[in-house]
Amino acid sequence: MMRKVGLVLVAGVVALVSGDISHHVKSSLHHPLGHHAAPLHHVAPVHHATPVHHAAPVHHAAPVHHGKGYAPVYPDTPPHYAFEHAVHDDYAGTHFGHSEARDGYKTEGKYFVHLPDGRVQTVTYYADETGYHPTVSYEGTAHYDAHAVAPVKAYHAPEPTYHAPEPVYHAPEPAYHAPVVPTYHA
């Protein structure tokens, strides 16, 4: 008999380890009979937000500084330049221009414009370490054309064009009907 109990115990342990025993049998092996565990309540699954992926940081090359300090280095030579431009537009009636030349710290130039009164205004100038020195001159004789004065028309208010619509009204039909009197038969 002892041998049968030993086999049953070994068979039970093997079944327990392999998972072949039902839940009720397992609970009775671990707990005294008559005791049941409280029912299991599973928690709702947790859904996490999708992860946010940020772009990799941008790394710029270190700034390159030439010479002393942070300002760009320019050659230490006196400036030399010359330019000239003019506009002559017969359709719009404009005619003007400008020319300038610089050699070191001495600048010379001239600009002109044709004025509406028929004259040409010319400014000849030079600039140096003492400042700006213009000379203004005029060529031609100013003339003023007599402008024809357009007759002024008297103001007259426009005629009204709005006409109010005729009112349209339809009297409603009566919706009340005499009640039906029930009749009783004896």
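Modeller: Buried means under 20% relative accessible area, exposed means over 50%, and partly exposed lies in between (1.4 Å probe, protein chains only). We are looking at a predicted model, where local features need pLDDT of at least 70 and side-chain atom pairs count only at pLDDT 80 or more, while totals for chains, interfaces and linings use all residues. Residues are numbered from 1 along each chain as its sequence is written, and side-chain values use heavy atoms, leaving out hydrogens and water.

Biologist: Thanks! What is the order of the strands in the open sheet?

Modeller: Strands are DSSP runs of E with at least two residues, and helices are runs of H or I with at least four, numbered from the N terminus. Two strands pair if DSSP finds at least two bridges between them. The sheet is open, has 5 strands and pairs in the antiparallel sense, with the order E1-E2-E3-E4-E5.

Biologist: Which are the edge strands?

Modeller: An edge strand here pairs on one side only. That description fits E1 and strand E5 (131-139).

Biologist: By how many degrees are neighbouring strands turned against each other on average?

Modeller: Axes are lines fitted to C-alpha atoms, for helices over the stretch in contact, and angles run from 0 to 180 degrees between N-to-C directions. For neighbouring strands of this sheet, with direction ignored, the average turn is 10°.

Biologist: How many residues of E1 are buried?

Modeller: E1 covers residues 80-89 and pairs with E2, residues 94-103, over 10 antiparallel bridges. E1 lies largely in the open, because the number of its 10 residues that are buried is 0.

Biologist: Which residue in the turn of the E1 and E2 hairpin has a positive phi?

Modeller: Aspartate 89 stands opposite threonine 94 of E2, and histidine 80 has aspartate 103 as its bridge partner. The hairpin has 4 residues between its strands. The positive phi, about 80°, belongs to glycine 93.

Biologist: And which turn residue has a positive phi in the hairpin of E2 and E3?

Modeller: E2 and E3 (residues 106-114) pair over 8 antiparallel bridges, and aspartate 103 stands opposite lysine 106. Further along, glutamate 100 faces glycine 109 and glycine 97 has phenylalanine 112 as its bridge partner. There are 2 residues between the strands, and the one with a phi of about 70° is glycine 104.

Biologist: Which glycine takes a positive phi in the hairpin of E3 and E4?

Modeller: E3 and E4 are antiparallel too, over 8 bridges, and lysine 110 is partnered by threonine 124 in E4. This hairpin has 5 residues between the strands, and the phi near 100° is that of glycine 118.

Biologist: Which side chain meets arginine 119 in a salt bridge?

Modeller: A salt bridge is a side-chain nitrogen of Lys or Arg within 4 Å of a carboxyl oxygen of Asp or Glu, and the count by this rule is 1. Arginine 119 is partly exposed because its relative accessibility is 23%, whereas its partner is buried because its value is 9%. The N to O distance is 2.8 Å, and the partner is aspartate 117.

Biologist: Over the face of which tyrosine does arginine 119 lie?

Modeller: A charge sits over a ring if NZ of Lys or CZ of Arg is within 6 Å of the ring centre and within 35 degrees of the ring normal. Arginine 119 lies at 4.6 Å from the ring centre of tyrosine 138.

Biologist: How many aromatic pairs does the structure hold?

Modeller: Rings of Phe, Tyr and Trp (its six-membered ring) pair if their centres lie within 6.5 Å, with planes under 30 degrees apart called stacked, over 60 edge-to-face and the rest tilted. By that rule, the number of aromatic pairs is 3.

Biologist: What is the angle between the planes of tyrosine 111 and tyrosine 125?

Modeller: Their pair is tilted, with the centres 6.0 Å apart and the planes at 50°.  The pair ties together parts that are 14 residues apart in sequence, because tyrosine 111 lies in E3 and tyrosine 125 in E4 (residues 120-128). To come back to the angle, it is 50°.

Biologist: Which tyrosines form one aromatic cluster?

Modeller: The rings of tyrosine 125 and tyrosine 132 are 5.4 Å apart at their centres with planes at 40°, so this pair is tilted. Tyrosine 125 is buried at 6%, while tyrosine 132 is partly exposed at 45%. The cluster is made of Tyr111, Tyr125 and Tyr132.
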